[in-house]
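Here is a friendly walk through one protein model, written for someone who would rather be at the bench. Keep the sequence and the structure open beside the text as you read.

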Amino acid sequence: MNIILFGAPGAGKGTQANFLIKEFDLIQISTGDMLRDIVKCKTELGKKVEKIMANGDLVSDDIIFSLISNRLNNKDIKNGFIFDGFPRNLKQAKKLDEIINDNNIHLDFVFHIDVDEEILTSRIENRAKYEITTRKDDTSAVLIERLKVYNRETKPVLDYYSDKKILNVIDGMGTIDEVSSSIFRIIKNDFKVD
Ligand code: AMP
């Protein structure tokens, strides 16, 4: 089973991704995690990527495409994967279509965890204030910038999947359990599993 999960900063995407990975034994393909690994290497590329991430901007599509192509070549994805943080703009979504066609991959579910902007902003402020985080891009100023980038670059990708009639919009305003139940219900309905 192959899934794409969308959610603005503060929407609870990471939490729901973890539930899905455990329940369905999926491999997580998180471009954010891959980029954080590159930053750790302290190479020229690492320093460049670090700056972009620290500002909340998007890293160049070419870097992302090479990360994704390499990752999808690994045989461990055969049981299924979840894209977390990719695609992030329309160019990436179109590239993903090509990759999927070329590699005979079937995309089973596209989920968008939908949360009102006001709630996102207040969650972002709380997250930056009260949660212990080691992420440099989790300060409230950067999170607000990431939200702006999400609205500008990633929202059009949601319309792209909605036009293709493969987008499942999940009400992300409920409790963590309510949100995961909504996602699991859709999967179990389509896959006819218990
Ligand atoms: P995330 O862990 O998904 O929240 O991503 C953290 C940061 O990594 C983002 O704010 C971007 O700077 C960068 N990033 C992650 N995924 C992508 C992507 N698909 N395209 C461009 N930049 C990305």
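Two strands pair if DSSP finds at least two bridges between them. Helices (H or I, at least four residues) and strands (E, at least two) are themselves DSSP runs, numbered from the N terminus. The model is predicted, so local features need pLDDT of at least 70 and side-chain atom pairs count only at pLDDT 80 or more, while totals for chains, interfaces and linings use all residues. Residues are numbered from 1 along each chain as its sequence is written, and side-chain values use heavy atoms, with hydrogens and water left out.

**Strand β1 and its partners**

Let us start with β1 (3-7). Its pairing with β3 (81-84) is parallel and runs over three bridges; here Leu5 stands opposite Asp84 of β3. Strand β4 (residues 109-114) also runs parallel to β1, joined to it by five bridges, and Ile4 faces Val110 in that strand.

How many of the residues of β1 are buried? Five of its five are, where buried means under 20% relative accessible area, exposed means over 50%, and partly exposed lies in between (1.4 Å probe, protein chains only). In a regular strand the side chains alternate between the two faces of the sheet. In β1 both faces are covered, with Ile3, Leu5 and Gly7 buried on one side and Ile4 and Phe6 on the other.

Ala8 sits in the loop between β1 and α1 (13-24). With a relative accessibility of 7%, Ala8 counts as buried. Leaving aside neighbours within four places in sequence, Ala8 is in contact (heavy atoms within 4.5 Å) with Leu120, Leu147 and Tyr150. From Ala8 to Ser182 there are 174 residues in sequence and 18 Å in space, C-alpha to C-alpha.

**An aromatic cluster**

Rings of Phe, Tyr and Trp (its six-membered ring) pair if their centres lie within 6.5 Å; planes under 30 degrees apart count as stacked, over 60 as edge-to-face and the rest as tilted. By this rule there are six aromatic pairs. One of them joins Phe6 and Tyr161, a tilted pair with 5.9 Å centre to centre and 40° between the planes. Phe6 lies in strand β1 and Tyr161 in helix α7, so this pair ties together parts that are 155 residues apart in sequence. Both Phe6 and Tyr161 are buried. The rings of Tyr160 and Tyr161 make an edge-to-face pair, because their centres are 5.4 Å apart and their planes meet at 75°. Together, Phe6, Tyr160 and Tyr161 form one aromatic cluster.

**Helix α5 and its surroundings**

Helix α5 covers residues 90-102. The expected span of a helix is 1.5 Å times one less than its number of residues; for the 13 residues of α5 that gives 18 Å, and the end C-alpha atoms are 19 Å apart, which agrees. Which residues of α5 are buried? They are Gln92, Ala93, Leu96, Asp97, Ile99 and Ile100, and they pack against β1, α4, β3 and α7 (140-163).

At the start of α5, a side-chain oxygen of Asn89 comes to within 3.3 Å of the backbone nitrogen of Lys91. That is a polar contact: a pair of N or O atoms within 3.5 Å where, within protein, one must be able to donate a hydrogen and the other to accept it, and residues adjacent in sequence count only if both atoms are side-chain atoms. Just after the helix, Asn104 takes a positive phi of about 55°.

Lys95 lies over the face of Phe65, 5.2 Å from the ring centre. A charge sits over a ring if NZ of Lys or CZ of Arg is within 6 Å of the ring centre and within 35 degrees of the ring normal.

Arg71 belongs to helix α4 (residues 61-72). Beyond residues up to four places away in sequence, Arg71 touches Ile27, Ile29, Met34, Asp76 and Ile77.

**Backbone details in the loops**

Pro87 is found in the loop between β3 and α5, and the peptide bond leading to it from Phe86 is cis, with omega near -5°. Lys42 and Lys165 each have a positive phi although neither is a glycine.

| Residue | Loop | Phi | Relative accessibility |
|---|---|---|---|
| Lys42 | between α2 (31-40) and α3 (44-55) | about 60° | 57%, exposed |
| Lys165 | between α7 and β5 (167-171) | about 65° | 74%, exposed |
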